[in-house]
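Biologist: Before I rely on any label in this model, I would like to hear the reasoning behind each one. Could you show me the structure and then take the terms one at a time?

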Amino acid sequence: MTTDIDRAPGPQDTPPAAPETIKAIPVKHYGRYISAVVAIAILVSIIYAFGNGQINWHAVPDYFFDHRIMTGVYKTLLLTVLSMVIGIVGGIGLAVMRLSKNPVTSSIAWFYIWFFRGTPVLVQLFLWFNLGLVFHYINLGPIYKNYWSAFMTPLLTALLGLGLNEAAYMAEICRAGLLAVDEGQTEASHALGMSHAKTLRRIVIPQAMRVIVPPTGNEVINMLKTTSLVAAVQYPELFRYAQDIGQNSGAPVEMYFLAAAWYLIMTSVLSVGQYYVERYYARGSSRALPPTPLQKIRANLLSIGRPKGAAA
């Protein structure tokens with residue numbers, strides 16, 4: 001009888017050799033280097049071209065906080081908010097009408113969306129502004145009666161032109177959000193005795209907001225930029241004030257740059273707000289919410305000087 005002590009070591013008892021370390025060779029992406037060089041060259045060329053132009057860059061900071069410019073910023077934001085309120089309220093109503101089983105209301109909503117989406121905003125603004133040529137006064141019976149020129153002010157023209165046009169686009173956005181909610185939930189709420197209006201308010205609309213909010217944020221940003229068109233109907237806003245200052249100061253191009261800078265500031269602020277609103281409505285639909293911009297900055301600052309792979 002042999003024991004483990006008496007048995008001579010054999011080849012099977014030798015420990016296995018350690019595996020060799022795999023040397024990873026990164027793939028070189030020459031296309032990325034070439035595209036980066038081309039992009040930098042184009043950017044340098046554009047900067048050089050603008051540097052050679054006779055542009056009075058000092059006029060931009062001189063008028064940046066001018067009271068007329070600040071008034072224009074305020075009126076632009078006010079017009080954006082009021083037009084979006086009209087668009088959202090009208091869009092929700094049109095979306096419900098479009099989804100209605102009543103052929104009359106559904107057809108009316110379809111015609112409205114077809115007309116206002118199929119014609120340019122500028123044409124609609126001029127149409128409202130020049131209706132006084134064919135309607136000398138407006139008569140709503142005992143409610144209101146006045147001359148059309150006194151009734152259709154530049155502000156009302158801007159609100160009707162922008163708000164009614166936006167309602168057509170918001171109707172399609174809201175309709176897509178409502179259709180994204182499963183019909184079984186509507187049937188279940190009706191089985192519990194909930195009315196159609198209460199089902200929309202308590203069940204359908206809160207879930208549809210996850211689909212409605214992102215494109216609505218884009219519409220708000222687009223509306224802010226579209227307000228520059230109302231300068232054509234004599235409503236003074238940021239672009240109109242910048243245009244007037246440019247003509248009086250002899251620096252029209254510089255004032256266009258100033259207006260563009262203010263539009264960029266406002267759209268950037270709205271983009272940040274849109275991000276947080278989308279993040280709020282994403283609760284419950286994703287396991288982990290995306291980090292906020294402040295959280296990203298904090299994570300990047302903490303990772304400076306820390307070796308890769310180290311725990312935070």
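Modeller: This is a predicted model, and a good place to start is the charged end of Lys-75, which sits over the ring of Tyr-235.

Biologist: What makes you say that the charged end of Lys-75 sits over the ring of Tyr-235?

Modeller: The charged end of Lys-75 is 5.9 Å from the centre of the Tyr-235 ring, and the distance cut-off for a charge over a ring is within 6 Å of the ring centre, with a further limit of within 35 degrees of the ring normal.

Biologist: How many aromatic pairs does the structure hold, and why is the one between Tyr-112 and Phe-116 called tilted?

Modeller: The structure holds 10 aromatic pairs. In the pair of Tyr-112 and Phe-116, the rings are 4.4 Å apart from centre to centre, with 35° between the planes; stacked requires under 30 degrees and edge-to-face over 60, so the label that remains is tilted. Both residues lie in helix H4 (residues 103–118), 4 residues apart, which is about one turn of the helix.

Biologist: Why is Phe-116 called buried?

Modeller: Its relative accessible area is 10%, and because buried means under 20%, Phe-116 counts as buried.

Biologist: What makes the pair of Phe-239 and Tyr-256 stacked?

Modeller: The ring centres of Phe-239 and Tyr-256 are 5.9 Å apart, and their planes stand at 15°, which is stacked because the cut-off for that term is under 30 degrees. Phe-239 belongs to helix H10 (residues 238–249) and Tyr-256 to helix H11 (residues 252–281), so this pair ties together parts that are 17 residues apart in sequence.

Biologist: Are these two rings buried, exposed or partly exposed?

Modeller: Phe-239 has a relative accessible area of 25% and Tyr-256 one of 36%; since buried means under 20% and exposed over 50%, with partly exposed in between, Phe-239 is partly exposed, as is Tyr-256.

Biologist: Turning to the helices, why are H3 and H7 called oblique to each other?

Modeller: The axes of H3 (residues 67–99) and H7 (residues 154–179) come within 5 Å and cross at roughly 45°. Roughly parallel would need an angle under 35 degrees, and roughly perpendicular runs from 65 to 115, so H3 and H7 are oblique to each other. H3 passes H7 in a right-handed crossing, and the residues of their contact divide into 20 nonpolar, 5 polar and 4 charged.

Biologist: And how do you know which term fits H4 and H7?

Modeller: Their axes come within 8 Å and cross at roughly 120°, whereas roughly perpendicular ends at 115 and roughly antiparallel needs over 145, so H4 and H7 are likewise oblique. H4 passes H7 in a left-handed crossing.

Definitions and conventions:
Residues are numbered from 1 along each chain as its sequence is written. This is a predicted model: local features need pLDDT of at least 70, side-chain atom pairs count only at pLDDT 80 or more; totals for chains, interfaces and linings use all residues. Side-chain values use heavy atoms; hydrogens and water are left out. Rings of Phe, Tyr and Trp (its six-membered ring) pair if their centres lie within 6.5 Å; planes under 30 degrees apart count as stacked, over 60 as edge-to-face and the rest as tilted. Helices (H or I, at least four residues) and strands (E, at least two) are DSSP runs, numbered from the N terminus. Buried means under 20% relative accessible area, exposed over 50%, partly exposed in between (1.4 Å probe, protein chains only). Axes are lines fitted to C-alpha atoms, for helices over the stretch in contact, and angles run from 0 to 180 degrees between N-to-C directions. A crossing is left-handed if the near helix is turned anticlockwise from the far one by less than a right angle, and right-handed if clockwise. Ala, Val, Leu, Ile, Met, Phe, Trp, Tyr, Cys and Pro count as nonpolar, Asp, Glu, Lys and Arg as charged, and the others, Gly among them, as polar.
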